[in-house]
Amino acid sequence: ETKVWKVSAEAPSREAVLEAAALLQDGRTVAFPTETVYGLGADARNTEAVTDIFAAKGRPSDNPLIVHIADRSQLEELVAPPEEAVLRLLDAFWPGPLTVVLQVKPGALSPLVTAGLSTVGLRMPGHPVALGLIAAAGCPVAAPSANRSGRPSPTKASHVLGDLAGRIAGIVDGGEAGVGLESTVVEFAGDALYILRPGGITADQLREALPGTPVVEPQAEHREPNAPRAPGMKYAHYAPRGTMVLVQGASDKLVHACMQRELDEARARGERTGVLTYAEHADRFHADHIVPCGRLDALETVAHGLYAALREFDEAGVGFIAAEACPEEGLGAAIMNRLRKAAGGRVFTV
Ligand code: TXA
Ligand code: MG
């Protein structure tokens, strides 16, 4: 009994948006497309509504939710007036795939949204359906990715329904999400900007928008014990059901040979095998199910298809997946972050 509205992504029907917004105002949960992935929304001020998000997803309650707004004027009720550097970031990337962690005004949101932290992650999404829905609801909308906790994030309405049908009040189906990976989550600490979760906005894009400000990428966290972290990073698995190994190395040849050896061993154990690779390399493997996930020479196509590819292995009943690493530059940083998590730490370097 999850209500589904099919709409055009660019020009969603006003009637559908108003009906979905009315559910949000009524304290119900509604999934909707953003430019990154589908989100599961609820009124961020309403604790019962937010409780339903955590319940539908099976999400641990110490993992805070991102709050989505449709207009800068909504900042006032949620956070203190942002500093100059924050405003420059918002000017550069909003609406868009950037979440900024700021000090929350006491009482502005349900305490469940922030999981007891004094900060909140805020984002203005760049998708007409998301913007229209949030504006029509007239409230800040808490929205994590609309998947069951631990599953790959949804980039299509069918992914959301596969995970959450019957558990949520409605879904606005606006077709495929564009970026395919979640937003970049950032927080200022001292004079530096820390990337808490790599995503749709790259480190270099942030550096370009903030000349002179050090931008610290997640790998550096290990050398910086006081650096802030996104609580969710310890939970996110983005995992397919099969066992996945991620292989990286100095040459394609070595990487492919290692992947094929793992695949052959898995097949000898009687497993159905899968390969996550790129269009350029799709013909280099023998396996039951080969998924060319975008092109290496256009990493945005890899990001766009990654989560659907991970779900495809589940649909094909694949028990063992060998995944090929991509260069960790630009969007590659976010792609590799998700691949490592999907592999649950089974990463081989050859
Ligand atoms: O692209 C996205 O960000 C999508 C769409 C729906 O907007 N949303 C999303 O939400 O990915 P979720 O809940 O799946 O991921 C939220 C991430 C988690 O890693 C969480 O720990 C972090 O943001 N986060 C939220 N509030 C935070 C805070 N106050 N401090 C640090 N990290 C925070
Ligand atoms: Mg998520």
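**Helix α8 and the salt bridges around it**

R241 has a relative accessible area of 64% and is therefore exposed, where exposed means over 50%, buried under 20% and partly exposed in between, with a 1.4 Å probe and protein chains only. The model is a predicted one, in which local features need pLDDT of at least 70 and side-chain atom pairs count only at pLDDT 80 or more, while totals for chains, interfaces and linings use all residues. Residues are numbered from 1 along each chain as its sequence is written, chains are lettered from A and ligands numbered from 1 in the order in which they are written, and side-chain values use heavy atoms, with hydrogens and water left out.

The side chain of R241 meets that of D314 in a salt bridge, at 3.6 Å from N to O; the term stands for a side-chain nitrogen of Lys or Arg within 4 Å of a carboxyl oxygen of Asp or Glu. Because D314 lies in helix α9 (residues 299-315) and R241 in the loop between β11 (215-216) and β12, this pair ties together parts that are 73 residues apart in sequence. Helices (H or I, at least four residues) and strands (E, at least two) are DSSP runs, numbered from the N terminus. Unlike an exposed residue, D314 is buried, with a relative accessible area of 15%.

A further salt bridge leads to helix α8, where R267 pairs with D288 and the closest N and O atoms are 3.2 Å apart. R267 lies in helix α8 and D288 in the loop between β13 and β14 (289-292), so this bridge ties together parts that are 21 residues apart in sequence. R267 counts as partly exposed at 41% relative accessibility, and D288 is partly exposed too, with a relative accessible area of 33%. Salt bridges that share partners also join R151, D163, R241, R311 and D314 into one network.

Helix α8 itself covers residues 252-268, and its 17 residues reach 24 Å from first C-alpha to last, close to the 24 Å expected at 1.5 Å a residue; that expected span is 1.5 Å times one less than the number of residues. An α-helix has 3.6 residues a turn, so residues three or four places apart point the same way. In α8 the buried residues are V255, H256, C258, M259, Q260, E262, L263 and A266, and what covers them includes the strands β12 (243-248), β13 (273-277), β15 (320-324) and β16 (347-349). One of these residues, E262, has a relative accessible area of 15% and, leaving aside its neighbours within four places in sequence, is in contact (heavy atoms within 4.5 Å) with F320 and F348. L254, also in helix α8, counts as partly exposed at 47% relative accessibility. After the helix comes G270, whose phi is positive, near 95 degrees.

Elsewhere in the chain, D173 forms a salt bridge with K6, the closest N and O atoms being 3.0 Å apart. This pair links distant parts of the chain, with D173 in strand β8 (residues 170-173) and K6 in strand β1 (residues 3-6), 167 residues apart. D173 counts as buried at 12% relative accessibility, whereas K6, at 70%, counts as exposed. In total, the structure holds 17 salt bridges.
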